[in-house]
Amino acid sequence: MQIHETAFIISTYRSYHEELSKDIYARLWNNSKTDFLIPAILETISKDDALLHSLRNRFFYEQMRTFFAKNNGGTLINFGAGFSMYPFMLPNTVHTIEIDKKDITAYKKEKTTQWIREGKLPHREIQYVAIDFNHHAEQDISTAIQPMLKKKPTFILLEGVLFFLGPDTTHKLCAVFKELQSKGDLLGCVSFIPEIENTKVYQRLLHYFDSHNENNDPFYHQTLPHSFYNNLNGYQLKEHIDEFDLSKIYAPDAGITDKTKILNEHMYILQKS
Ligand SMILES: C[S@@+](CC[C@H](N)C(=O)[O-])C[C@H]1O[C@@H](n2cnc3c(N)ncnc32)[C@H](O)[C@@H]1O
């Protein structure tokens, strides 16, 4: 499994639960290779994973919708954007900068341009930036993005990425965020807490990645304690919720009753001080 395949899997998950994720465009990315992979993942790791990822998407969608409505637009800077479709779900007063590895940004730009031309997507102001977070220096990342920032305030999103990063890259990205953002701007992050490492469901996830890592990609399996966010330099933690509690709000009938049996990710909203 390559990292870009995880982006296809998550967008397909969102398309399974449009009513929850609110992402009516995710289905555009569906493809037979991903369709083939998913049943085995849901069976061998956790049957609730598609629903949980849709809840995560819904949480950030609501956060960004409220933030940009209050500020009459702004800029969404999505680090490791994969195939997420927030720009098309948000109003056209929002500009977007999407950053990811080169193969993802090139393919996404080509397809979204085609779909806008064909009327399958509404027109939006989006800039695609190819950066590998592991290989580029802090200053290079900031310098590449800074000139594109024309509309304030900003909402930075780091969704579904921290699991794959090591501590050095994580600290580098946080320093970049601090440099790019101004007082009052928001940062949204997702990660697992270290306690999940003792659960069977997480062990199954690691086993799946390890046994499907044909290219020997470096997977860090990073988890982060709440204290990481409480102590993040330049930011104040505003909101924190996990997918277990989100399921009670948006999917109370889904039968999710035990947080130790699901891949329970935690979402954090931080405000630049
Ligand atoms: C699991 S996907 C999540 C995509 C999207 N944020 C979402 O939630 O649907 C992880 C994304 O992070 C990107 N990514 C992982 N490591 C990266 C790195 N070192 N540099 C740039 N992008 C990276 C991958 O290419 C992929 O698109």
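# Briefing: ligand shell, strands and a few odd spots

Sorted by class, the residues in the shell around the ligand are eight nonpolar, eight polar and four charged. Keep in mind that this is a predicted model. Helix α1 (residues 3-16) gives the largest share of that shell, six residues. Away from the ligand, there are two buried strands to look at, β2 and β5, plus a helix with one buried face and some loop residues with backbone quirks.

**Around the ligand**

- The shell comprises 20 residues, and the ones that come nearest to the ligand are A7, G80, G82, F133 and G160.
- Helix α1, at residues 3-16, supplies six of the shell residues.

**Strand β2 and its partners**

- Strand β2 covers residues 94-100, and because seven of its seven residues are buried, the strand is largely enclosed by the rest of the structure.
- Both sides of β2 are covered: V94, T96, E98 and D100 point one way, H95, I97 and I99 point the other, and all of them are buried. Note that the first of those sets includes E98 and D100.
- On one pairing, β2 goes with β1 in the parallel sense, with six bridges. Here F79 sits opposite I99 of β2.
- β2 also pairs with strand β3 (residues 126-130), again in the parallel sense, over five bridges. For I97, the bridge partner in β3 is Q127.
- Helix α6 (residues 102-117) completes a β-α-β unit with β2 and β3, and the unit is right-handed.

**Strand β5 and its partners**

- Strand β5 (residues 186-191) is mostly covered too, with six of its six residues buried.
- L186, G188 and V190 point to one side of β5, while L187, C189 and S191 point to the other, and every one of these is buried.
- Strand β4 (residues 154-158) runs parallel to β5, and four bridges link the pair. To get from β4 to β5 the chain passes through helix α8 (residues 167-180), in a right-handed β-α-β crossover.
- Within that parallel pair, L157 stands opposite G188 of β5.
- Strand β7 (residues 266-272) is antiparallel to β5, with six bridges joining the two. One spot to check there is S191, which has H266 of β7 opposite.

**Y235 and helix α11**

- Y235 belongs to strand β6 (residues 235-242). Why does Y235 count as buried? It has 23 C-beta neighbours inside 10 Å, and 20 or more is what it takes.
- Setting aside neighbours within four places in sequence, the contacts of Y235 are L187, L270, Q271, K272 and S273.
- For a sense of distance, the C-alpha atoms of Y235 and T105 are 29 Å apart, with their positions 130 residues apart along the chain.
- Helix α11 (residues 243-250) has E243, L246 and S247 buried. Viewed down the helix axis, the buried residues of α11 stay within an arc of 105°, so they line one face.
- Those buried residues pack against α4 (49-70) and β6.
- The face of α11 turned away from the buried side holds K248 and I249, which are exposed.

**Loop residues worth a look**

- K152 and P153 are joined by a cis peptide bond, with omega at about 0°. P153 sits in the loop between α7 (138-145) and β4.
- N72 isn't a glycine, yet its phi is positive, at about 55°. You'll find N72 in the loop between α4 and β1 (74-79). N72 counts as exposed because it has 10 other C-beta atoms within 10 Å, and the limit is 12 or fewer.
- H221 is another non-glycine residue with a positive phi, near 55°. H221 is in the loop between α9 (200-211) and α10 (226-230), and with 14 other C-beta atoms within 10 Å it is partly exposed.
- T223 is found in the loop between α9 and α10 as well. T223 is partly exposed, having 17 other C-beta atoms within 10 Å.
- Leaving out neighbours within four places in sequence, T223 is in contact with S191, F192, I193, P194, I196 and E197. S191 is one of the buried residues of β5.
- The C-alpha atoms of T223 and Y128 are separated by 28 Å, and the two residues are 95 residues apart along the chain.

Methods: Residues numbered from 1 in each chain as written. Predicted model: local features only at pLDDT ≥ 70, side-chain atom pairs only at ≥ 80, totals over all residues. Pairing = 2+ DSSP bridges. Right-handed = clockwise from strand over helix to strand, strands pointing away. Near = placed C-beta within 6 Å. Nonpolar A, V, L, I, M, F, W, Y, C, P; charged D, E, K, R; others polar. Contact = placed C-beta atoms within 7 Å. Arc of directions from axis to C-beta.
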